[in-house]
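Student: I've got a model open and I'd like to learn how to read its pockets and strands. Can you walk me through it?

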Amino acid sequence: MQISKDSVVSIDYKLTDDSGNLMDSSEGSDPLAYLHGAGNIISGLETALLGKSVGEELKVRIAPEDAYGVRDDSKKQAVPKELFGDEEEVKIGAQYHAEGPDGTHVAVTVMEITDDTITVDANHPLAGYHLNFEVKIVEIRSATKEELEHGHVHGPHGHHHD
Ligand code: ZN
């Protein structure tokens with residue numbers, strides 16, 4: 001069986017940046033299970049995995065455009081400190097959920113703190129990075145009807161519903 005649209009795929013993976021720093025890995029935990037073609041994982045990785053079989057290993061370098069996007073400096077802004085309530089607790093690198101201009105929720109990271117303002121960045125922490133994946137395909141199966149309706153994987157390595 002080869003990976004195609006609507007396959008449920010389990011992978012072991014290791015993610016490094018261009019300097020070789022380990023950014024994420026499935027080592028020590030279960031493989032990552034995703035529904036192929038449903039946008040569960042970044043598009044560059046889906047493209048690289050299409051047509052692959054169990055046991056195959058691949059190394060792929062993915063450009064920001066096909067990963068978490070390019071950095072957008074307009075997503076970085078200084079906001080008044082009082083918006084943060086308990087501002088003494090705010091630390092550089094901390095993440096908060098904020099409401100974006102269109103009412104959607106975005107995750108922001110604290111970049112800088114001055115006497116009056118806190119600079120937050122709404123770019124994804126991996127925006128602008130080339131991502132280097134080493135992937136091994138562990139399992140491929142067909143998605144169930146329910147998984148296709150939900151757009152995600154069920155079962156031991158996937159979503160659990162009450
Ligand atoms: Zn579900």
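Tutor: Sure, and let's begin with residue classes. Ala, Val, Leu, Ile, Met, Phe, Trp, Tyr, Cys and Pro count as nonpolar, Asp, Glu, Lys and Arg as charged, and the others, Gly among them, as polar. Keep in mind that this is a predicted model.

Student: With those classes, what does the lining of the largest pocket have?

Tutor: Nine nonpolar, four polar and three charged residues. The space in there is about 320 Å³, and Gln-77, Ala-98, Glu-99, Val-106 and Val-108 are the lining residues nearest the centre.

Student: Which strand gives the most to that lining of the largest pocket?

Tutor: E6, with four residues. Strands E5 and E7 also supply at least two each. A word of caution, though: where pLDDT is low, the predicted coordinates should not be read in detail. Confidence in the chain is lowest in E6, residues 95-99, at a mean of 83. The chain as a whole has a mean pLDDT of 92.

Student: And what is the second largest pocket lined by, class by class?

Tutor: Its lining has 10 nonpolar residues, one polar and one charged. Among the residues there are Ile-11, Tyr-13, Leu-15, Asp-24 and Asn-40. E1 gives the most to this lining, with three residues, and the pocket holds about 180 Å³ of space.

Student: Which strand does E1 pair with, and in what sense?

Tutor: E1 pairs with E9 in the antiparallel sense, over 10 bridges. You can find Ser-7 bridged to Ser-142 in E9. E4 pairs with E9 as well, again antiparallel, over six bridges, and there Glu-57 stands opposite Lys-136.

Technical notes. Residues numbered from 1 in each chain as written. Predicted model: local features only at pLDDT ≥ 70, side-chain atom pairs only at ≥ 80, totals over all residues. Heavy atoms only, no water. pLDDT = per-residue confidence, 0-100. Pairing = 2+ DSSP bridges. 1 Å grid on protein atoms, 1.4 Å probe; cavity = no way out; pocket = protein on both sides within 12 Å on 5 of 7 lines; lining within 4 Å. Points joined across faces, edges and corners; volume = space filled by probe spheres on them.
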